[in-house]
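User: Please explain the terms applied to this model, and show how each one is justified.

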Number of protein chains: 10
Amino acid sequence: MTKNEMRIAILGAKQKLGLSWDALAGVTGLSAEFTCSVCLGMNSMQEAPANALCSALDLPSQVATALQACPMKEWDKTVPTDPLIYRFYEITGVYGETIKEIIHEKFGDGIMSAIDFTLKIDKEENPKGDRVVVTLNGKFLPYKSW
Amino acid sequence: MTKNEMRIAILGAKQKLGLSWDALAGVTGLSAEFTCSVCLGMNSMQEAPANALCSALDLPSQVATALQACPMKEWDKTVPTDPLIYRFYEITGVYGETIKEIIHEKFGDGIMSAIDFTLKIDKEENPKGDRVVVTLNGKFLPYKSW
Amino acid sequence: MTKNEMRIAILGAKQKLGLSWDALAGVTGLSAEFTCSVCLGMNSMQEAPANALCSALDLPSQVATALQACPMKEWDKTVPTDPLIYRFYEITGVYGETIKEIIHEKFGDGIMSAIDFTLKIDKEENPKGDRVVVTLNGKFLPYKSW
Amino acid sequence: MTKNEMRIAILGAKQKLGLSWDALAGVTGLSAEFTCSVCLGMNSMQEAPANALCSALDLPSQVATALQACPMKEWDKTVPTDPLIYRFYEITGVYGETIKEIIHEKFGDGIMSAIDFTLKIDKEENPKGDRVVVTLNGKFLPYKSW
Amino acid sequence: MTKNEMRIAILGAKQKLGLSWDALAGVTGLSAEFTCSVCLGMNSMQEAPANALCSALDLPSQVATALQACPMKEWDKTVPTDPLIYRFYEITGVYGETIKEIIHEKFGDGIMSAIDFTLKIDKEENPKGDRVVVTLNGKFLPYKSW
Amino acid sequence: MTKNEMRIAILGAKQKLGLSWDALAGVTGLSAEFTCSVCLGMNSMQEAPANALCSALDLPSQVATALQACPMKEWDKTVPTDPLIYRFYEITGVYGETIKEIIHEKFGDGIMSAIDFTLKIDKEENPKGDRVVVTLNGKFLPYKSW
Amino acid sequence: MTKNEMRIAILGAKQKLGLSWDALAGVTGLSAEFTCSVCLGMNSMQEAPANALCSALDLPSQVATALQACPMKEWDKTVPTDPLIYRFYEITGVYGETIKEIIHEKFGDGIMSAIDFTLKIDKEENPKGDRVVVTLNGKFLPYKSW
Amino acid sequence: MTKNEMRIAILGAKQKLGLSWDALAGVTGLSAEFTCSVCLGMNSMQEAPANALCSALDLPSQVATALQACPMKEWDKTVPTDPLIYRFYEITGVYGETIKEIIHEKFGDGIMSAIDFTLKIDKEENPKGDRVVVTLNGKFLPYKSW
Amino acid sequence: MTKNEMRIAILGAKQKLGLSWDALAGVTGLSAEFTCSVCLGMNSMQEAPANALCSALDLPSQVATALQACPMKEWDKTVPTDPLIYRFYEITGVYGETIKEIIHEKFGDGIMSAIDFTLKIDKEENPKGDRVVVTLNGKFLPYKSW
Amino acid sequence: MTKNEMRIAILGAKQKLGLSWDALAGVTGLSAEFTCSVCLGMNSMQEAPANALCSALDLPSQVATALQACPMKEWDKTVPTDPLIYRFYEITGVYGETIKEIIHEKFGDGIMSAIDFTLKIDKEENPKGDRVVVTLNGKFLPYKSW
């Protein structure tokens, strides 16, 4: 079973059962964000949460096997077209150098890891319009000299 | 004076005077992140902080004028090469669909604004290695139907 | 049912029944432009108009479900080839900076929203040749400083 | 004098004299939008408005000559990066097929001209936030068969 | 029936019956060039010639319907690879500015329409090697000022 | 002297003296189209017309030398942006396969040469709007088999 | 039968029968290089060799028809990835200008035809390692002036 | 002195002195093709021929130093535009797979080296039009298995 | 059987039987790295190891035939997206010129072969986190002059 | 002083003084590879080695300051053209998936760091031709789940 077949199976079962990512996070014991990224084929999870997820969604064991496989992470376009995703691309373009300046000022020469990394999305209620709060948290990795 | 000439003048003065973005934020009364993005030519600021910045950096009034101009925001490459900036591009690629799923689940059909938007970078001390915490906060904009 | 399957089903039924977008707009209570964009898979609509549309087109309930889903908006080419669509791309290229100058002069630093946005297409009769009138109407979003 | 030198000269004089595009439109007897597009190097104008513009801006006759030359219209990137301009590119992507459907329904097979064409930008005051109204008006050109 | 299915049906029937584009032009009452472009999916024709073509090729009525639909004109590569087609792309590259200079000298600022347009291909016999003569004929469209 | 310096010198002198391409064609004894293409740096000419052209434009002998050099033919963008030139690119896209079909039907397998080739631009007066007539004339080159 | 179906049929039969391109060249009376290029779908051949080839490979007559059709020559990537093919692309990049200089010195302004053209590949035995010798032979085409 | 400055100096001196690549090959004791490629900045030569070349062209010793430096080989476009060079790119596209088939048949799995490689250009006189003969000669390199 | 079908068959059998690349290397008598690259379709192997591999994986003889065929090496994207593979692309970008400088200093003008080449991946245990050690070993190929 | 000015100054001084990267490594106390990468502008070094390097090369203190600045790492082309560098790009393409398979087999899901990373280039003498040995050594970073 490929990651893509796995993804279609999970999204179909999730819609049929009317389960949210939050509910599935309760099943895996992981966050909704990470659980979702594994189901979309962009991360892998351990055997226990994979099995729990398959039980909750009433899916066969090949899905659990596919959830544990190391994914080949691919995306189709260097410039994303979907407006929601594009805005994040735009933020990287507009603020990329700003982020670089501030991180170097606070930490020195190095980068924020995208591997030892977590992502959280919250809803901030606001009378002028609710706000999306995305928190990226990654380990600082200093460049090694040798 | 173009935005690029403004940028070179500011970065040169900042280095000569040994001032940090945090110190300049104290001068403008704005955050270090926003102050930095204006100095790099990716945003504009009002007259008062622009003048204050020029005084602190001992720069002529054309710089203050340039700081107030609406910028043409441009970046050079659809796939950034600098490793620090690339990791943010990669996060958009790996987690773009996850972010879309979770925002739609929490808010419905719409996007997070990149205009009514703030960005904050913090240092989280950690014995296993300090962590970079980037907080993106944007207004949710629902799609209008008509 | 994917958005693409939904689209094929709707376009087929619409052609078979000989219904226009204007007629379908009468069914949904929305404009022809918005109704069309949802049917092509580029927007979502509420349950009531989705059900009404499916009744009018004699289509099953999965189509109504697909009409309500948040779409992944994608288009295939950065430079469109179809001459009708290309002309709009060309207008963005030729007049993009003009639009930017005039909006900044009238509104200050910010953008026109493409989300809180409506689009209307009218026919202006003219003895020298009828004219197409396209009206874009979007909320002005000022850049936030912080 | 190249179109680019002309553009720099005009934008510099306009800023020094504090003149708006609306004021310059009063000088040329043309719209602010068209006047601006000629000054940016994307259109040409006749001798009389070119001379009037140069007088108002206190610029030499080479500028008037350059304003009358047929421009080589060029833009740098197939996907624009500036957020204000990008939104118009996005509208073409999201609504391009919708526009095509509706124009074909109202007019038959053909296109909207981008040459026999006008563009108008208005401010619509609104208590929930002012709105930008862009009106594109182009002659319908039916495909010739032969 | 999609334009592509229509195209495959027509090319198959044409080959089986051994008919030339010239012969099909006799059937439609249009030129071979235009008839061919409609059959390849790049233009539309009226009901009468569409029906005549389907009779001549012994094809069902869906083909006639597809011949009348407004096509989405698409081509796959910005730089064509087929040597015959590439040479026309090369001519645009090598002589594009020359064509622009001469048209502006003869007509003023404007363009040659590719919509109100005809194309003719003739064989010029020549003892040193026959020659291909391609005649492009398009309406001159002057830029409108407003 | 590079081809680009040559080009700038010629276009400057041509404008100063108010000479048309037609007038320069009278000087070189070649067509206006070919003369123009050499002056823009896309072809070379023999010594006699090169010298005649330099005399007429009152330019030094290095220009004549540069006119005789074999050019490196380069153009900047695979998809041209200028609307006049783009329309010719579009014609190649829309009608490329049609041209291929018709040439193969009339001549067999091979191509139209873009080297043993001439180009002519005429004005066809027409009460509904004058028309541009572009005639491409190239030797047919059959593919060699071996 | 498309060129691609023809190609798959031929390569399959060739492998099953264990025939080399040299052996097939003996059948067609053409070179191995040209015979191979036709079978891969990049050239066409006359009826007699096409029929001979089909007999030798025990393939039906549609294959012979497809071998005679004028091909649409397409290749997938502007920069080839296969190392053997890439080296030829690299040679064009590294030696392209050298080839241009030497041909212009020996022949004047013009090009080497890729249509009136033959290609031969030989094995040169050498104790330090055998060598591949590729001979390209094309007619010189001088640029026409007019 | 950069390779580009070296190149300009050599081409200028060569033109001034009216020397051919053949003549310069006589000076270096190398082929015209290799000598030319070094002068264009795409290869390096030893000290003795570099000095001999500088003497013959009356150029200073920095040129000889630059001729000996290992070049960074760069070319500007993946698809070359100059017609002479493009034809070689086209040959790679049309015949790339043919070359691969024939080399594998004659030599097994491996490639033709573009490093242990020579290139020769000859003129073949022919009453129907002279022909360019390009001979590529590279060592066969079998893939190593390990 | 295509290389892709071969690859799917092998990866499926390998997963079903729970065999590692190390175990398969024991079967072929080759390294795990080379064995893996052949199975993924990027190299070929001799008859004996191909047959041994098919026996161990219980696969039919067509797989062994496909393992021996010369592959067309293709990869999909010039900038890889998978983070593991991207880091190697990044290393080429960041250190490419450094590698060039050091190799030229140690060896003179030439390149490291990617054909007469081996690759080895080792695990270096380390209390601060294990390390990946990749050893690339390629023959130095000096540029030939001629 | 920009990184590029720094680079030119260092390469010029290094050539004038005839110093090797090995000799400069002796001065900085770092490896030749890392020292070289800093001098080319792709890494930063501490104050002490920066000062030592400037003394050895007889360069002013601005160079030492520039050596310590965090670089914006940029490279010009996604597909490198220089043959030496291209071979490393090719290795990533041919062996990228192999490397991924083997690392996942040995380490689990994660990547090799390109930040906590060292690079070493050695010469392996060999009677059949010396070999280049490149050793990449990076920390394994497991994906975090959360």
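**Terms and their grounds**

Analyst: In chain A, strand β2 (residues 131-142) is mostly covered, with eleven of its twelve residues buried. The model is predicted: local features need pLDDT of at least 70, side-chain atom pairs count only at pLDDT 80 or more, and totals for chains, interfaces and linings use all residues. Residues are numbered from 1 along each chain as its sequence is written, chains are lettered from A in the order in which they are written, and side-chain values use heavy atoms, with hydrogens and water left out.

User: What makes a residue of β2(A) count as buried?

Analyst: Buried means under 20% relative accessible area (exposed is over 50%, partly exposed in between; 1.4 Å probe, protein chains only). Strands are DSSP runs (E, at least two residues), and helices are runs of H or I with at least four, numbered from the N terminus.

User: Why are β1(A) and β2(A) called paired?

Analyst: Two strands pair if DSSP finds at least two bridges between them; eleven join β1 (residues 110-124) of chain A to β2(A), so the term applies. The two strands run antiparallel, and A:Met112 has A:Phe140 as its bridge partner in β2(A).

User: Which strand of chain B is joined to β2(A)?

Analyst: Strand β2 (residues 131-142) of chain B is joined to β2(A) by nine bridges, running antiparallel. There, B:Val134 is the bridge partner of A:Leu136.

User: Why is the link between G:Glu97 and H:Arg7 called a salt bridge?

Analyst: A salt bridge needs a side-chain nitrogen of Lys or Arg within 4 Å of a carboxyl oxygen of Asp or Glu; these side chains meet at 2.8 Å, N to O, so the rule is met. Six salt bridges are found across the interface of chain G and chain H.
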